[in-house]
Structures are given as structure tokens and as C-alpha cells.
Amino acid sequence: MNRSLIVILTCLSLLVWQQPVKATGNYELVIKRSEKRLLIQKDGEVLRSFHVALGSGGRKAKMKSGDRLTPLGKYHITQVRDSDRFHMFIQLDYPSVRDAITALKEDRISKAQYRKILDAHIFGNLPPQNTPLGGAIGIHGIGVETKDKLEIHEIADWTKGCIALRNDEIEQLTKYISKGTQVTITE
């Protein structure tokens with residue numbers, strides 16, 4: 001009996017530990033790629049603004065796995081977790097239904113892949129991350145901050161398609177977000 005109780009309590013504590021920090025209000029994140037800015041907004045008012053680095057693949061919107069491009073569109077936060085590589089990782093629900101519709105029309109994904117992405121969004125799950133559209137898109141930190149990394153972060157887009165902030169900035173960001181927070185990525 002004691003062992004069962006310990007297992008249950010351990011599982012519950014792991015679930016609580018992995019839950020994102022609950023925001024105290026209804027915030028939205030807007031990422032303006034052309035300005036390399038992440039804005040925290042509430043009721044259309046900008047509360048905070050951070051410089052970001054984007055995907056190193058150029059200005060186009062993400063089309064496929066490995067293109068190193070940052071997507072355009074509306075997404076939602078699915079989880080917030082610590083990351084050995086990036087300090088912290090905020091997972092987005094990329095690819096969106098709109099991404100999947102466009103890809104299906106352009107024959108970049110199959111009907112079965114489209115359906116899996118759609119089903120994931122319908123049921124509130126993370127969409128498949130292994131389709132030709134790619135995955136693992138999110139907002140993350142820099143990792144171990146060295147002088148060189150900080151300089152690169154200020155002048156270059158260096159990610160594989162994600163949005164990067166300095167470590168202290170991503171920690172500040174977590175005070176405003178929770179699972180489901182909308183993230184709009186614009187040109």
C-alpha cells in the first residue's frame with residue numbers, strides 16, 4: 001500500500017513539475033520577424049519587448065523540415081520545459097492546421113499526414129513533429145551564455161527555425177505565459 005502511494009505521489013509531482021508557470025492574465029505573444037522583436041501584449045497594449053534571433057535560413061516562411069526557416073502564422077504554447085541545450089524551451093503547436101492545409105494543397109504532405117495534424121489540433125495534442133513540414137519549433141534561450149554567443153545573438157539569426165532570447169529574458173517571459181497562450185509570428 002505504501003509503495004502504491006509513493007508511486008502515485010511521484011507521478012503527481014512529475015505532472016505538476018512539468019506544468020508551465022500560470023500567467024496572471026490573458027497575454028499574447030507577437031513575434032515581428034522583420035523587426036526581430038518579441039512583444040508581450042495584453043488587450044492590444046505592448047507590455048514588454050525583447051530582441052530575438054530567428055532561423056538562419058532566410059526571410060521566407062518555414063516550408064519543410066531542415067530548411068532552418070521560422071514559420072509565419074498563429075500558434076499556441078503546448079509546454080514549457082527546461083533544456084540542457086537552450087536553458088529553457090517553450091514548445092509551439094507547429095505545424096498549424098493552416099500550415100497543413102497549404103502543404104496538402106501543394107502536395108508537400110499526404111492526406112494521412114494532414115489528417116494526423118488536424119486530429120492533433122482537434123484533440124489539443126502536439127501535432128506530429130516528424131512530417132515533411134518539420135517540427136520542434138519553439139521559443140528558447142541561448143544555453144550557456146558566453147561572450148561570443150551573446151555577440152552572435154545580437155547580430156545574426158542563428159537558430160534552426162526557432163525564436164531565441166537571452167536566458168534571463170526567457171525566464172521573464174515565462175511569467176506571462178501558460179499552456180495555450182497564443183503566439184502570432186508575423187513578417
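In strand S3, Ser49 is the bridge partner of Leu39. I begin with this pair in the predicted model and work outward from it.

The strands concerned are S2 and S3, the latter covering residues 45-51, and they pair in the antiparallel sense over six bridges. The two form a hairpin with two residues between the strands. In that hairpin, Asp43 takes a positive phi near 55°.

Strand S2, residues 37-42, also pairs with strand S1, residues 28-32. Here too the sense is antiparallel, and the pairing extends over five bridges. Which residue of S2 is the bridge partner of Glu28? That partner is Gln41. S1 and S2 likewise form a hairpin, with four residues between them. In its turn, Lys36 has a positive phi of about 55°.

Let me now place these strands in the whole chain. The protein has five helices and eight strands. Read from the N terminus, the order of elements is α-β-β-β-β-β-α-α-β-α-β-α-β. One helix thus precedes a run of five strands, and after two helices, strands and helices alternate up to a final strand.

Next, the contacts. Taking those between residues at least 6 apart in sequence, 63% join residues at least 24 apart.

Finally, burial and surface. The protein has 187 residues, of which 40% count as buried. The exposed area is about 10,600 Å², and carbon and sulfur atoms supply 55% of that area.

To return to the opening point, S2 pairs with S1 over five bridges and with S3 over six, in the antiparallel sense in each case.

Key: Residues are numbered from 1 along each chain as its sequence is written. This is a predicted model: local features need pLDDT of at least 70, side-chain atom pairs count only at pLDDT 80 or more; totals for chains, interfaces and linings use all residues. Side-chain values use heavy atoms; hydrogens and water are left out. Buried means under 20% relative accessible area, exposed over 50%, partly exposed in between (1.4 Å probe, protein chains only). Contact means heavy atoms within 4.5 Å. Accessible areas come from the Shrake-Rupley method with a 1.4 Å probe; for residues, only the protein chains shown count as cover. Two strands pair if DSSP finds at least two bridges between them.
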